[in-house]
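Visitor: I would like a close look at one part of this protein, starting from a single side chain and its surroundings. Please then work outwards to the rest of the chain.

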Amino acid sequence: MPVVEIDPDELRELTGHDEKSDDELRADLFALGLEFEGETDDGAFQLEFAPDRLDRLSVEGVARSLRYQYGDDRGVYVPKTNDAEWVVEVEDVPESRPYVTAAIVRGVDMTEGKLESLIQLQEKLHATMGRKRAKGAIGVHDLAMLKGRSARPPGSADERATGERSDPGAGAAKKSITYTGIDPDGDRFVPLDADADMTPAEVLEEHPIGDTYADLVADYDSYPAIYDDIGLFSFPPVINGKRTEVDEGSRDLLVEMTGTDQWTVDRMLTIVCYALDARGGRIEEVEVRYPDRELVRPDLETRAKSVAHERIESTLGIDFSVEEVVDLFERSGLDATADEADGRTYEVEIPPYRVDVLHPADLVDDLGRAYGFNDLAPRYPDVSTVGGRHDRSKLERAVRETLVGLGFEDLLNFHMISAAENYERMRLDPGAAAFGGGEPVSIEGPYSEDYTMLRTWALPSLAMVLENNTHRSYPQDLAEVGFAAERDPDAASGVAERRTVAGVLARTDASYEDAKARLQTLASAFGVALETPATDHPSFIDGRVAEVRFDGEPAGVVGELHPAVLVDHDLELPVAAFEFDLSALE
């Protein structure tokens with residue numbers, strides 16, 4: 001989950017509630033679903049966000065949500081925009097990155113706090129919606145340092161070829177920049193954090209930021225580039241030019257975004273524009289002229305979805321009047337109109353920055369949060385049965401208790417993971433015969449590239465925890481009884497699900513024998529016979545790894561993690577580990 005740093009003083013200023021103490025702010029933020037993770041040395045709140053509410057990845061977005069929660073703002077807000085004075089001409093762009101969008105924001109009066117917030121929002125959008133710049137990359141430039149070219153006439157291809165317009169009075173002179181392709185050894189420019197001019201190829205080889213993002217354009221025949229009348233000033237998705245760098249003296253900004261999908265870059269732009277609007281910026285449209293079409297951006301059109309009154313009441317368990325429902329939607333930053341015929345269905349208007357609203361259930365969630373989930377009265381379900389633990393759940397609890405008795409700390413990790421964490425960083429290939437190497441169950445259109453598939457085994461999750469815990473003392477003995485899945489054409493659903501037991505021992509003297517001893521104790525506790533014949537597994541050291549067999553049946557793997565796995569996870573001491581299928585203990 002993304003963690004965002006929010007200055008509580010800025011939050012008080014932007015919400016207009018100077019009387020709020022830090023404790024009150026933390027309680028209000030928790031009511032929004034934002035988890036408080038601690039404070040920085042400067043006193044900033046560290047807040048963990050659900051990856052769907054990308055509009056809250058900045059202090060401006062959080063303040064907007066709080067103002068709705070406090071009742072200071074109501075309904076859908078759409079910033080006013082001025083007519084376009086700038087044009088982005090799209091010509092001969094790389095096929096792998098054909099889309100661009102842009103906006104002008106004037107009168108921002110950039111300060112240190114505003115600049116830090118903008119940079120953080122840019123970084124968080126890159127990491128989430130932008131897929132680490134692969135799907136969308138943001139460039140912010142000081143407009144005063146740009147010199148626009150004379151824009152070509154808009155209209156059809158024939159009109160552009162002749163320079164004539166069907167409506168000759170419609171085209172006032174406009175300034176343009178050009179999004180195009182460039183040879184890797186083409187024009188030179190001075191990138192950010194550099195003093196000498198470089199070609200794009202030299203940036204990728206010699207500049208630290210270029211080296212970080214070189215893989216994004218490595219396969220391109222020509223590199224993306226943005227020009228004004230002076231020359232090259234942006235090399236997306238890698239780095240901007242130093243000439244247009246934004247600093248505390250900047251007032252007018254050009255915000256441009258390039259990517260592999262028009263919807264994605266348009267939505268990212270909308271979120272940035274709303275943040276700058278909250279800082280007093282005036283949004284100005286930009287024309288984007290492709291060879292075959294023309295767009296006006298930013299796209300601030302609202303959307304509409306319908307939800308039934310009965311669904312709201314049945315989901316939340318509360319009887320509402322129509323007036324109450326409309327009021328709660330407005331306090332969520334939405335607008336709602338009841339159906340005139342029966343008043344039992346609502347047409348809900350959704351602002352453009354709410355990219356997370358995909359289904360009527362999302363509207364019910366907003367309404368429930370505006371009402372206050374903590375204010376919902378608990379009640380027993382109207383059923384005549386009595387619940388009890390499933391046999392598998394009893395087994396899981398018994399295994400957890402045994403592991404805790406062996407000195408392990410019990411964990412519960414996410415079931416979703418990335419392919420890089422599940423396979424690559426564990427030196428495992430998808431579809432490999434080794435334990436954990438099953439074919440992945442992947443997610444189409446994931447919110448975050450960190451969660452693209454269901455994990456096929458639990459050890460990668462434990463390795464990630466160790467990586468995040470390098471600042472803590474050792475030894476660290478961690479275990480998890482969790483979920484894993486892989487594709488299986490013989491299963492009715494096409495997916496084989498299972499529960500798995502995994503453990504790691506991170507300490508200076510961790511060894512294969514330590515991990516096997518824990519396994520032997522587990523086997524004895526559950527009355528099964530343990531065998532550990534030698535085997536090979538790419539995640540473990542050759543000669544220090546064995547197959548786990550319970551009562552003669554293959555169940556898992558035990559051994560010492562391979563040095564390459566340790567190095568990739570920044571671990572500087574040995575780790576012994578094991579994992580096996582829970583069903584083997586039944």
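Guide: Leaving out residues up to four places away in sequence, Arg-499 touches Arg-392, Glu-396, Val-481, Gly-482, Phe-483, Asp-581 and Leu-582. The model is a predicted one. Arg-499 belongs to strand S23, which covers residues 495-506. With Glu-396, one of the residues it touches, Arg-499 makes a side-chain polar contact of 2.9 Å.

Leu-505 lies in S23 as well. Leu-505 is buried because its relative accessibility is 1%, and the limit for buried is under 20%. Beyond four places in sequence, the contacts of Leu-505 include Phe-408, Gln-476, Asp-477 and Arg-518. Pro-574, Val-575 and Ala-576 are also among them, as are Ala-510, Asp-514 and Ala-515. Asp-391 is 114 residues from Leu-505 along the chain, and the two C-alpha atoms are 29 Å apart.

Strand S22 (476-487) follows a loop that starts after helix H14 (459-468), and Pro-475 sits in that loop. The peptide bond between Tyr-474 and Pro-475 is cis, with omega at about 5°. A second cis bond, with omega at about 10°, links Arg-297 to Pro-298. Pro-298 is in the loop that runs from strand S14 (294-297) to strand S15 (303-308). As a rule, most peptide bonds are trans.

Next come the nonpolar cores. The largest has 45 residues, and Leu-11, Leu-125, Val-255 and Val-272 touch the most other members. Helix H8 supplies the largest share of this core, nine residues. Apart from neighbours within four places in sequence, Val-272 contacts Leu-118, Leu-121, Leu-125, Ile-138, Val-255 and Met-257. A second core, separate from this one, has 27 residues, among them Trp-457, Ala-458, Ala-506 and Val-545.

Leu-11, one of the core residues named above, is also one of the buried residues of helix H1 (8-15), together with Pro-8, Glu-10, Arg-12 and Thr-15. In an α-helix, residues three or four places apart point the same way, because there are 3.6 residues a turn. The buried residues of H1 pack against strand S1 (3-6), helix H2 (22-31), strand S3 (45-48), helix H3 (59-70) and helix H4. At the start of H1, a side-chain oxygen of Asp-7 comes to within 2.9 Å of the backbone nitrogen of Asp-9. Just after H1 comes Gly-16, with a positive phi of about 75°.

Helix H4 has a loop on each side that deserves a look. Asp-109 is in the loop between strand S5 (99-106) and H4, and its phi is near 55°, a positive value in a residue other than glycine. Arg-131 is in the loop between H4 and strand S6 (136-142), with a positive phi of about 50°. Most residues other than glycine have a negative phi. The two residues fall into separate burial classes. Asp-109 counts as partly exposed because its relative accessible area is 39%, whereas Arg-131 counts as buried because its value is 15%.

H4 also takes part in the lining of a cavity. Searching the whole structure gives one cavity of 30 Å³ or more, and the largest cavity has a volume of about 50 Å³. Helices H4 (112-127) and H8 (262-278) are the elements that give two or more residues to its lining. The largest share, four residues, comes from H4. Among the lining residues are Ser-58, Glu-60, Met-110, Lys-114 and Ser-117. Leu-118 and Leu-121 are also in the lining, and both are contacts of Val-272. Ala-275, Leu-276 and Arg-279 belong to the lining too. By class, the lining has five nonpolar, two polar and three charged residues.

Finally, the whole chain. The protein has 16 helices and 27 strands, and its C-alpha atoms fill a box of roughly 90 × 65 × 50 Å along the principal axes. Of its 586 residues, 50% count as buried. Of the contacts between residues at least 6 apart in sequence, 69% join residues at least 24 apart.

Key:
Residues numbered from 1 in each chain as written. Predicted model: local features only at pLDDT ≥ 70, side-chain atom pairs only at ≥ 80, totals over all residues. Heavy atoms only, no water. 1 Å grid on protein atoms, 1.4 Å probe; cavity = no way out; pocket = protein on both sides within 12 Å on 5 of 7 lines; lining within 4 Å. Points joined across faces, edges and corners; volume = space filled by probe spheres on them. Nonpolar A, V, L, I, M, F, W, Y, C, P; charged D, E, K, R; others polar. Core = buried A, V, L, I, M, F, W, Y, C linked by side-chain atoms within 4.5 Å. Buried < 20%, exposed > 50% of the residue type's maximum accessible area, 1.4 Å probe, protein only. Contact = heavy atoms within 4.5 Å. Polar contact = N/O pair within 3.5 Å; in protein donor to acceptor, adjacent residues only side chain to side chain.
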